[in-house]
Amino acid sequence: MPMWWTGSAVIVEPSDERYGHNVTEQRVIANKPKIGARTDAAPAPAEPSSAAGSPARRSKKLIVLLVIAAVLGAGAVYWFLLGPGASAERGAASEPPAPEPGVVQELEPISLNLAGGRYLMVGLGLQLTVEVEDEIDPSIALDRTIALFSGRTIEEVSSAEGRAALKAELAAVLQADYHGEVIDVFFTTFVTQ
């Protein structure tokens, strides 16, 4: 009686009685790939999990994302209102306020030698702070003016940009030399020849 099985199978064939004996043959067939067959074939797709697309799974993901967003938002609030990000605002608030301007002390114009045999007549007005009650000694301001302007070319002192740069430099020097009593400098006379 013949018996066939596919896959790993046992095949039993009927006996051969033609030759006078009863022969039973048994073969074992294994699930081996055929010669030359591809062995890297993709595995059969797994059955989709019913929980992967379920609304309960999606709501859990949404809750996790909302918690992460809330934690990041709380960290940003802390950083800018209470933490290191807020220290910049506190540092700006703790700086001393700008000094309040008082009277302007005018100095007599002086003549200076420029490069190339040219001359500059410059008069100064020193903006003092409110705290200064008496006039200050003008000799320091005149000395710094002579040192800064002498020997410059006519082009340096006659252009608007050059004049503004020299004025800013003179104001910074005088603020340091007068220990904050002078806060600005004005040109009351400025004549080149």
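The following dialogue concerns the salt bridges of a predicted model.

Visitor: How should one read a salt bridge, and how many does the structure hold?

Guide: Side chains of opposite charge can pair when their charged atoms come close. In this predicted model, the structure holds three salt bridges.

Visitor: Which residues are linked in a network of salt bridges?

Guide: The network comprises D143, R144 and D177. R144 pairs with D143, with 2.7 Å between the closest N and O atoms. R144 also forms a salt bridge with D177, where the closest N and O atoms lie 2.5 Å apart. This second pair links distant parts of the chain, for R144 belongs to helix α3 (residues 139-149) and D177 to helix α5 (residues 160-177), 33 residues apart.

Visitor: Are the members of this network buried or exposed?

Guide: The category follows from the relative accessible area: a value under 20% would be buried and one over 50% exposed, with partly exposed in between. R144 has 31% and is therefore partly exposed. D143, at 41%, is likewise partly exposed, and D177 counts as partly exposed at 24%.

Visitor: Which side chain meets that of R152 in a salt bridge?

Guide: The partner is E156, with an N to O distance of 3.4 Å. Because the cut-off for a salt bridge is 4 Å, this pair qualifies.

Visitor: What is the relative accessibility of R152, and what is the relative accessible area of E156?

Guide: R152 has a relative accessibility of 22% and counts as partly exposed. E156 has a relative accessible area of 34%, and is partly exposed as well.

Conventions. Residues are numbered from 1 along each chain as its sequence is written. This is a predicted model: local features need pLDDT of at least 70, side-chain atom pairs count only at pLDDT 80 or more; totals for chains, interfaces and linings use all residues. Side-chain values use heavy atoms; hydrogens and water are left out. Buried means under 20% relative accessible area, exposed over 50%, partly exposed in between (1.4 Å probe, protein chains only). Helices (H or I, at least four residues) and strands (E, at least two) are DSSP runs, numbered from the N terminus.
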